[in-house]
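Me: I am new to this structure and would be grateful for a close look at a single part of it. Please choose one sheet, explain the terms as they arise, and then place that sheet in its wider setting.

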Amino acid sequence: MKSSAQTRSLTGVVKDSANQPLVAATVTVKGSKVSTTTAADGSFTIAVPAGNVTLEVSYVGYNPMSVPVGPDQADVSVVMQSGTNTISDVVVTALGIKKDERKLGYAISTVNGDALNKARETNVALSLGGQVAGLKVTGTSGGPGGTARILLRGMPSMNSGGSPLFVINGVPMDNSNRGASGEWGGADAGDGIGNINPDDIETMTVLKGQAASALYGARASNGVILITTKSGSKGSPTVEYNVNYVTDKPIDFTDYQYVYGQGQNGEKPTTAAGALGTNRLSWGSKLDGSQVIGFDGNQYSYSPYKNNFSNFYRSGYTLTNTASVSGGGDNGSYRVSASTLGNDNVTLKSGISRKTINLNLNQNVTKKLNVAVIANYIDQKDRNREYLSDGPGNPNNFQFLASNVNNEIFKPGVNADGSEIVFSDDNYVTNPWFVVNNWINNTGRKRLIGSLSAKYNFTDWIYAMARVGYDHENDDYLNVTPTGTSYSYNSAGQSGSINQSNAQTSELNVDGIVGVNHSITKDVSFNATLGANLRKNNFQSVGVNGGPFVVPYLYTPGNVVSFGRSYSEIHREVHSAYYSVEFSYKDLLTLATTGRYDAFSTLYNSGIPKDQRNIFTPSVSGSFVFSQLLHSPVLSFGKLRASYAQTSGEPANAYATAVYYSVGNSINGTPTGNFSSTLPNLFLKPFTKTEFEVGTELKFFSNRLGLDVAWYTQKTKNEIMNGSLSSATGYTSRVVANGSVQNQGLEVAITGTPVRGKDFNWDITLNYTHVQNKILTTDEADNDIGLGTYRPLNANTAFVVGLAGPQILAHDYTYDSKGQVVVDADGLPIQGGLIPMGSVLPTDYGGLNNSFTYKNFNLSFLVDYNYGNNVLSATNYYSIYRGLNKMTLEGREGGITTGVYADGTANTVAANAQAYYQRLATISKINVLSGDYIKLRQVTLGYTFSEEMLKKVPVIRTLQISFVGRNLFYLMKKSDNIDPEGGFRADVNYAGIEGTSLPSTRTFGFNVNIKFKN
């Protein structure tokens, strides 16, 4: 690359006609990539070449200016004039094509990297929460680097999993979940977007609607999020260092009773065996400070003990260091960065470490040929990912200890002989001290995301581009149930097991594109793109497993009594062609259309005609900038937009159209074979999704007040899912293509600048989303399609025709003809049938962000809110069943008399409190809680030491220090004893289900950014 010639430093200030400073105005050296933005006082400093130069200055709502600067001029003052119809922000759209935002006929939103890397999360996607209308982001209770549930415009379809497609620098990246928990346990092993370093992100652009994302084909039905990483620019090299340190404080949301203690039926235990069986039952007598026998035969105080949470969970931390060098010359630019992340989680011996290298090179090989190379390499290791939900290996099993039991009496988790100290009546509920000190659940990932592109400009309006993108993941898994684990012993006294595997996942994308951008006449411009894509996805997994261990504590696959192995591979391929055509008249009226043709290998064996299993999906959009005709002094900008689009999708299972056989274990030396229990469908075709969207964008008072509104309606057709079959057929389920779901929604974004002064500015953004979801059809008989459940197994979520999905189905009481609760002969309520109890997805959500600047100080805070969904809570079930919930205080002394018998006569039997509430817990409608909340999501307070302030300081050019807080506290929530955002799994099937998971954390820390002098 050719480096820049001699440069000089130029300072200046940008103000409006009222002599007020313009903050974040863009100043660019004409003919180069060198640019900067103005500070809070409107000032800027920029490196310019020696000699005469021209600065181009732009600011939304103001007429752009070209400012000549003489060779001896050291400073410049710019006064911008308001332009009533000026808005010319350039945004990144599908395929990485940059377009003028005013011409777009669909809704998109862009979030700058600065909003993601101060009060940051270990999974950068979680930082998007509350910032974009139409986007709902929720994490799991699985610790740092956990999976993010990301939904654009509600639940996009019944079989999609929900997550939008992430595209980084034009390369689609895998965002699959690497492992998840369920009602039977398991660990959240994180997703793909969680690997990305926020310090490398320039912008994240959210393509919300189908028209915006249609060019990405089958995977566009969930929406698309484009990630643009930072690049270099012309000028002297810039060396930058960023350090971010945060500490995570665990939050205890429980408010349990500490009146009655360990025991059953109003009595405290009198034997060690009785104590072992009641360590998780608070149905004893009143806590009076007397002595009580423990599980180990020792005596303990029968008094309230409230420190179990703080005894077990510690404060975690995350430290991120990123260093980068960037620069460029007349013909190219570069940026390279290196980053390390170290994390300790809130449980012992758990955390993550990550190393990242990012490279971005751009070079003009000739005046017409440009070549770009972008690469992102990640090496991440996760130590002891926590198991969630069910008891085995779960470090959270102390959450339901009786109200007088101190968890430290179960330390260190092992007996002298190395066996687990069993602490309850169920040895499958592993002692958490034994878990954190002995269990192993490690994952490792080495990942490369890269692209090589070449663009040749035949003329200034015709170009051709070829691009190769590759995403490769190499994942290692090691899970050890250690020697001594109570439930793992065999009759010979041997114990433990091991599961070790490696998975290789890759995606190759090859694109060829020809583009035209030309003015047909003075008033009419024409923009067109024609391209083709080849996509190949490959997955291969090899594993070994076995147990118990022959030699204790030797954790290798060769040291097991019984040995097993596993192998899996999946291959997919898609051939596609696409186009985009856009006509614009005087930048007043723009009409655009796209089309894409996809041929899926997953439907290759389908018995339907080729023209039905391959699919063409079109879109059309338009925008009308009516403000150009009004010349209103109040209305700075006004646009109407509308779009219609169709996208498609292929089967989630790559082999759903034919019977495939696999080789099983040998019997007496004879190999066996087996096949799937799911009956394939020989006549599958792609499902489709259509959307109609209308909206408007308005800006008033020189852009100090803005309004963006979008309304849409979506509908899917022929969704591919599993339907149940009688086992007498030889199969248990079958693949059907009959599903349909409808989404309708309203998105509103309001921006404003209530105060703009010389020293003080206040900017505010409010976004609001309303979504209505409805399941139209499921399988051919419109049966309920069961989804997820929790460990008590007395309720579940499902797709139910006519209702919003996923819908909670929970047991009600049994009622008589008068609506009275029916009880049995013991006075206990009788469990009724399953009834719908509301959707787990919200109907209304959004965020309010305020940003203040005073001279060099900046303060911002984000409040987000969520309404209209319910939560299925295992915590509520267990707290009632085990006598911890405050509601169980009623009736402890005299019993509970309620309800009527089946014949309608009044019940006269006083039910024992323990028996009553343990029965009540099975009436699972009471475990359905409200998910509504308002939360102070984040606060940042910072100070910037400008270049002018540090001109006498060696080495450092600018310094920015920020103090940050994240997930601070709920301003309002309606659910007792739980975090309404909690959950042990991220996909839609298990949304809104929580229990026995890691506690939520409150984060505090600081961020320091340093730019060094040359």
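Reply: What follows takes one small sheet with its helix, and then turns to other strands and to confidence.

The model is a predicted one, in which local features need pLDDT of at least 70 and side-chain atom pairs count only at pLDDT 80 or more, while totals for chains, interfaces and linings use all residues. Residues are numbered from 1 along each chain as its sequence is written, and side-chain values use heavy atoms, with hydrogens and water left out.

The chosen sheet is open and consists of three strands in the order 47-46-50, with mixed pairing. Strands (E, at least two residues) and helices (H or I, at least four residues) are DSSP runs, numbered from the N terminus; two strands pair if DSSP finds at least two bridges between them. Strand 47 (928-930) and strand 50 (993-994) are the edges; each has a single partner strand, so one side of each lacks a neighbour in the sheet. Strand 46, residues 870-873, pairs with strand 50 in the parallel sense over two bridges. One bridge partner can be named: Ser873 is matched with Glu994 in strand 50.

Helix 7, residues 874-881, packs on this sheet and touches strand 46, strand 47 and strand 50. Contact here means heavy atoms within 4.5 Å. The direction of helix 7 makes about 45° with that of strand 46; axes are lines fitted to C-alpha atoms, for helices over the stretch in contact, and angles run from 0 to 180 degrees between N-to-C directions.

Elsewhere, a four-strand open sheet has the order 40-41-42-43 and antiparallel pairing. Its twist averages 40° from one strand to the next. Strand 40 is joined to strand 41 (residues 795-799) by three bridges, and the two run antiparallel; Gly786 has Ala798 as its bridge partner in strand 41.

Strand 17 (residues 235-250) pairs in the antiparallel sense with strand 20 (residues 316-328) over twelve bridges, and Asn244 has its bridge partner, Thr320, in strand 20. Strand 17 is also joined by twelve bridges to strand 51 (residues 1001-1012), again antiparallel, where Asn242 stands opposite Asn1009.

As for confidence, pLDDT expresses the predictor's confidence in each residue, from 0 to 100. The mean for the protein is 91, and 97% of its residues reach 70 or more. Over residues 1-5, pLDDT stays under 50, and the model has 14 contacts for them beyond four places in sequence. Residues 84-88 also stay under 50, with 22 such contacts.
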